[in-house]
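Hi there,

Here is the structure I promised to pass on to you. Have a look at it first, and then read my notes below.

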Amino acid sequence: MKVTRESSESLAAVFADKLRELHNKRFTELQSLPETDEEVIQCRDGVFSLTTYRYLINADQLSIVLQAYRSLILGAGTMLVEGFRRSVDETTTPLTQDELAEHS
């Protein structure tokens, strides 16, 4: 993996910052994100991938999933996954564990 960004923070801090950044975007900004966007980040905890997924639910609603993954041994690793649903009226609701399951 080629590192695309470096940070002196922990994995949890980088993840929280990215999630906050996504939460602060308006519906139209989120709608213009690519369907999948991956960064490889070198942080205090090692190298991990940070992937943002954008799903259009319908014309008035989309979901955003943020997944951080750090491979350790034989495919086992550390993963963080969170997401939310955003409506065109800017209403935001967290995704359920069932909705996040395919990313876990």
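What percentage of the 104 residues of the chain count as buried? The answer is 37%. Before you go further, keep in mind that this is a predicted model.

Let's start with the overall layout. The chain has three helices and six strands. If you walk along from the N terminus, you meet them in the order β-α-α-β-β-β-β-β-α.

As for size, the C-alpha trace spans about 40 × 25 × 20 Å along its principal axes. The radius of gyration is 14 Å, and a compact globule with 104 residues would come out near 13 Å, so the two agree. Contacts tell you something about the fold as well: of those with a separation of 6 or more, 49% are between residues 24 or more positions apart.

Now for the surface. The chain has an accessible surface of about 6200 Å², and carbon and sulfur atoms own 49% of that. There are 11 positive and 17 negative charges, and the mean positions of the two groups lie 4 Å apart.

Next, the strands, which are fun to trace on screen. Find β2 at residues 36–43 and β3 at residues 46–58: they pair in the antiparallel sense, with eight bridges. Two residues sit between β2 and β3, and the pair forms a hairpin. Then β3 pairs with β4, residues 61–73, again in the antiparallel sense, this time over nine bridges. That pair is a hairpin too, with two residues between β3 and β4.

A good residue to click on is threonine 52 in β3, which stands opposite aspartate 37. On the β4 side, the bridge partner of threonine 52 is leucine 66. So which residue in β4 does threonine 51 stand opposite? That one is glutamine 67. While you are there, remember that side chains in a regular strand alternate between the two faces of the sheet.

Two glutamates are worth a stop as well. Glutamate 9 lies in the loop between β1 (5–6) and α1 (11–23). Is it far along the sequence from cysteine 43, and how many Å separate their C-alpha atoms? Glutamate 9 and cysteine 43 are 34 residues apart in sequence, yet 5.9 Å apart in space, C-alpha to C-alpha. Leaving out residues up to four places away in sequence, glutamate 9 touches Val14, Asp17, Cys43 and Arg44. Its relative accessible area is 33%, so glutamate 9 counts as partly exposed.

The other one is glutamate 90, in the loop between β5 (76–87) and β6 (92–94). Its phi is near 75°, a positive value in a residue other than glycine. Glutamate 90 has 27% relative accessibility; buried would mean under 20% and exposed over 50%, so this residue is partly exposed.

That's the tour. Happy exploring!

Terms used
Residues numbered from 1 in each chain as written. Predicted model: local features only at pLDDT ≥ 70, side-chain atom pairs only at ≥ 80, totals over all residues. Heavy atoms only, no water. Helix = DSSP H or I, 4+ residues; strand = E, 2+ residues; numbered from the N terminus. Rg over C-alpha atoms; globule rule 2.2 N^0.38 Å. Buried < 20%, exposed > 50% of the residue type's maximum accessible area, 1.4 Å probe, protein only. Contact = heavy atoms within 4.5 Å. Areas by Shrake-Rupley, 256 points an atom, 1.4 Å probe, with all protein chains shown as cover. Lys, Arg positive; Asp, Glu negative; His and termini not counted. Charge placed at Lys NZ, Arg CZ, Asp CG, Glu CD. Pairing = 2+ DSSP bridges.
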